[in-house]
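Ready for some practice in reading a protein model? Work through each exercise with the sequence and structure open beside you, then compare your steps with the solution.

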Amino acid sequence: MGTVVNAANKEANRSLADLNPTVVFVLGGPGSGKGTQCANIVQHFGFTHLSAGDLLRAEIKSGSENGTMISNMIKEGKIVPSEVTIKLLQKAMLESGNDKFLIDGFPRNEENRSAFEAVTKVEPSFVLFFDCSEEEMERRLLSRNQGREDDNIETIRKRFKVFLESSLPVIEYYNSKGKVRKIDAGRPVEEVYESVKAIFAPKDEKIDAGRPVEEVFESVKANFALENEKAD
Ligand code: ADP
Ligand code: AMP
């Protein structure tokens, strides 16, 4: 049985590597507005949005054997083991029919990050980081009204602690590689989206073509930064 499952996982990893997907990790504290902005990006830029939290909640609902474990961890604001989350992400990516993904709320710690890269051989094009104060995030979570068991003040405080201790180092890691695009997420939704759009939209700049071919190509490349990073 284990061998069959391992073979299936290897197959999934191979097909994901063959797909050579464009992946953007969307990170930020709980309530920073990741889901809200991802919905906008999906509409305008053809990405598929995969929220690690939503996939885990769907897994609980499906009656999976991991359901109770996942549910208990979410109630405590803890990070679910990466083998569970990575499998859910892989499956969703392969079933989507798309090759452009916003992966929201993942990787949440260093182990998530290194396991995802090792297993899937996929590196993100960049990391969209929603930077928001705890005070503002707390206000938003307490009025989210989606009936989430973890949107209570006790669990919220635990989630903030996990974000600071485990998730921020992942953002720092990608920052050291020049891959973080930081957004001031404490502003109104529309203003935040203006900044987000500027990162995803081809810049559509006029190119001075009277220069040497290499210089012209540098400008052309800058206009297609997203595609360009995928090819690296
Ligand atoms: P996350 O996915 O980061 O946990 P959400 O997108 O679910 O955050 O946003 C949390 C709550 O805050 C939601 O109720 C959402 O409508 C609201 N919200 C999101 N962005 C903003 C914003 N820029 N200003 C005010 N409220 C926001
Ligand atoms: P979110 O919907 O992103 O706010 O996530 C809600 C909860 O789901 C988190 O507090 C964690 O308990 C769990 N969770 C979400 N994403 C992950 C992940 N990438 N790895 C582990 N656990 C996660």
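Helices (H or I, at least four residues) and strands (E, at least two) are DSSP runs, numbered from the N terminus. This is a predicted model, in which local features need pLDDT of at least 70, side-chain atom pairs count only at pLDDT 80 or more, and totals for chains, interfaces and linings use all residues. Residues are numbered from 1 along each chain as its sequence is written, chains are lettered from A and ligands numbered from 1 in the order in which they are written, and side-chain values use heavy atoms, with hydrogens and water left out.

**Exercise 1. Find D104 and describe its surroundings.**

Step 1: Locate the element. D104 sits in strand β3, residues 100-104. The protein as a whole has 11 helices and 5 strands.

Step 2: Check burial and charge. Buried means under 20% relative accessible area, exposed over 50%, and partly exposed in between (1.4 Å probe, protein chains only). A salt bridge is a side-chain nitrogen of Lys or Arg within 4 Å of a carboxyl oxygen of Asp or Glu. For charge, Lys and Arg count as positive and Asp and Glu as negative, while His and the chain ends are not counted. D104 is buried but has no salt bridge, and K34, the nearest side chain of opposite charge, is 4.7 Å away.

Step 3: List contacts, meaning heavy atoms within 4.5 Å. Beyond its neighbours within four places in sequence, D104 touches several residues, including V26, K34, H49 and L50.

**Exercise 2. Describe the salt bridge between E117 and R113.**

Step 1: Read the distance. The two side chains meet at 3.5 Å, N to O.

Step 2: Place the partners. Both belong to helix α6, 4 residues apart, about one turn of the helix.

Step 3: Judge burial. E117 counts as buried because its relative accessible area is 16%, and R113 is buried too, at 9%.

**Exercise 3. Now try E194 and K197 in the same way.**

Step 1: Their closest N and O atoms are 3.2 Å apart, forming a salt bridge.

Step 2: E194 and K197 are 3 residues apart in helix α9, so about one helical turn separates them.

Step 3: E194 is partly exposed, with a relative accessible area of 48%, and K197 is partly exposed at 31%.

**Exercise 4. Which residues are closest to the centre of the largest pocket?**

Step 1: Learn the term. On a 1 Å grid over the protein atoms alone, a pocket is an open set of points where a 1.4 Å probe fits, with protein on both sides within 12 Å along at least five of seven lines; lining residues have an atom within 4 Å of a point. Grid points are joined across faces, edges and corners, and a volume is the space filled by probe spheres set on the points.

Step 2: Note the volume, then the centre. The largest pocket holds about 970 Å³ of space. Its lining has 48 residues, and G31, K34, R144, R148 and R159 are the closest to its centre.

Step 3: Connect this to charge. R144, R148 and R159 belong to a network of salt bridges together with D150 and D151.

**Exercise 5. Find the backbone features at P107 and N20.**

Step 1: Recall the background. Most residues other than glycine have a negative phi, and most peptide bonds are trans.

Step 2: Look at P107, in the loop between β3 and α6. The peptide bond from F106 to P107 is cis, with omega near -5°.

Step 3: Turn to N20, in the loop between α1 and β1. N20 is not a glycine, yet its phi is positive, about 45°.
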